[in-house]
Amino acid sequence: LMPTTNYDIRVRTNCDDGSNSAWLTGDFRTVCLSGGNVDIGDGTTTYSSIPVSNYYNYAISEQLFTASELGGSNTFSSISFNCQNANATSRSWDIYLMPTTLTSLSGLVNIDNSAVKGFSGTASISSGWFTINFDSAFVYDGTTNLMLIVDDNTGSYSSTNNYNCHSLTGATSARIYSDGPDYDPYQATS
């Protein structure tokens, strides 16, 4: 079924003895614009640099998610992270989503024109699950892999936040951080 599409239906019973009922007709419309929440991993690993480190003035992290992990086409309007201890509760973040054919990361990847900036502003971080609503929704095609890029532009550091994440075999994340200068995600590898 396709999202927000009208369908006409006809239904009748076919019995083992060869008899059947009269046709019942009707119609319905699918109302969802997308498939709903996508949960990835078990969250049993604790890490301070994913989604991004706040122990430095500036940081960028990139995470790679496969099409099979994402479970098909969807429209993403927010993202949630599970923070074990929120020492820094307000950070200046830009969050990008970018389709990619990459299957692993050997280091940071410069984002390109296919990247969509889903969020730009102050991320309000709390212990436990917190959600960042995107400024504009990202329509995911369901076939490519997807990069999540979090760019911390705060310009100051604080005690480390620890986030729950999941471990995978292979290289599926990369990060860079420093006390200055600020990084350009379009030229993160230079």
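1. Start with strands β6 and β9: they run antiparallel and are joined by eight bridges. One contact to look for is Trp93, whose bridge partner in β9 is Asp152. Keep in mind as you click around that this is a predicted model.

2. Now zoom out to the sheet around that pair. It is an open sheet of five strands, paired antiparallel, in the order β7-β6-β9-β4-β11. The edges are β7 and β11 (173–178), each of which pairs on one side only. On average, neighbouring strands here are turned by 15° against each other, direction ignored.

3. Next, the charged pairs: the structure holds two salt bridges. In one of them, the side chains of Asp152 and Arg91 meet at 2.9 Å, N to O. Asp152 sits in β9 (residues 145–152) and Arg91 in β6 (residues 90–100), so this pair ties together parts that are 61 residues apart in sequence. Both ends are hidden away: Asp152 is buried, and Arg91 is too. Asp152 is worth a second look, since this residue is also the β9 bridge partner of Trp93.

4. The other salt bridge brings together the side chains of Lys117 and Asp94, at 4.0 Å, N to O. Here too distant parts of the chain are linked: Lys117 belongs to β7 (residues 116–124) and Asp94 to β6, 23 residues apart. Are the two ends buried or partly exposed? Lys117 counts as partly exposed because its relative accessibility is 38%. Asp94, with a relative accessibility of 10%, counts as buried, because buried means under 20%.

5. On to the nonpolar side of things. The largest nonpolar core has 24 residues, and those with the most contacts inside it are Phe81, Trp93, Ile95, Phe130, Ile132 and Leu148. At least two residues each come from β4 (58–65), α1 (67–70), β5 (74–85), β6, β7, β8 (128–140) and β9. The largest share, five residues, is supplied by β8.

6. If you want one residue to centre your view on, try Phe130. Leaving aside residues up to four places away in sequence, Phe130 touches Ile79, Ser80, Phe81, Cys83, Trp93, Ser124, Ile125 and Tyr163. Two of those partners, Phe81 and Trp93, are themselves listed with Phe130 among the core residues with the most contacts.

7. Don't stop at that core, though. There is a second, separate one of 14 residues, and Tyr58, Leu105, Ile111 and Ile149 are among them.

Methods. Residues numbered from 1 in each chain as written. Predicted model: local features only at pLDDT ≥ 70, side-chain atom pairs only at ≥ 80, totals over all residues. Heavy atoms only, no water. Helix = DSSP H or I, 4+ residues; strand = E, 2+ residues; numbered from the N terminus. Buried < 20%, exposed > 50% of the residue type's maximum accessible area, 1.4 Å probe, protein only. Pairing = 2+ DSSP bridges. Axes fitted to C-alpha atoms, helices over the stretch in contact; angles between N-to-C directions. Core = buried A, V, L, I, M, F, W, Y, C linked by side-chain atoms within 4.5 Å. Contact = heavy atoms within 4.5 Å.
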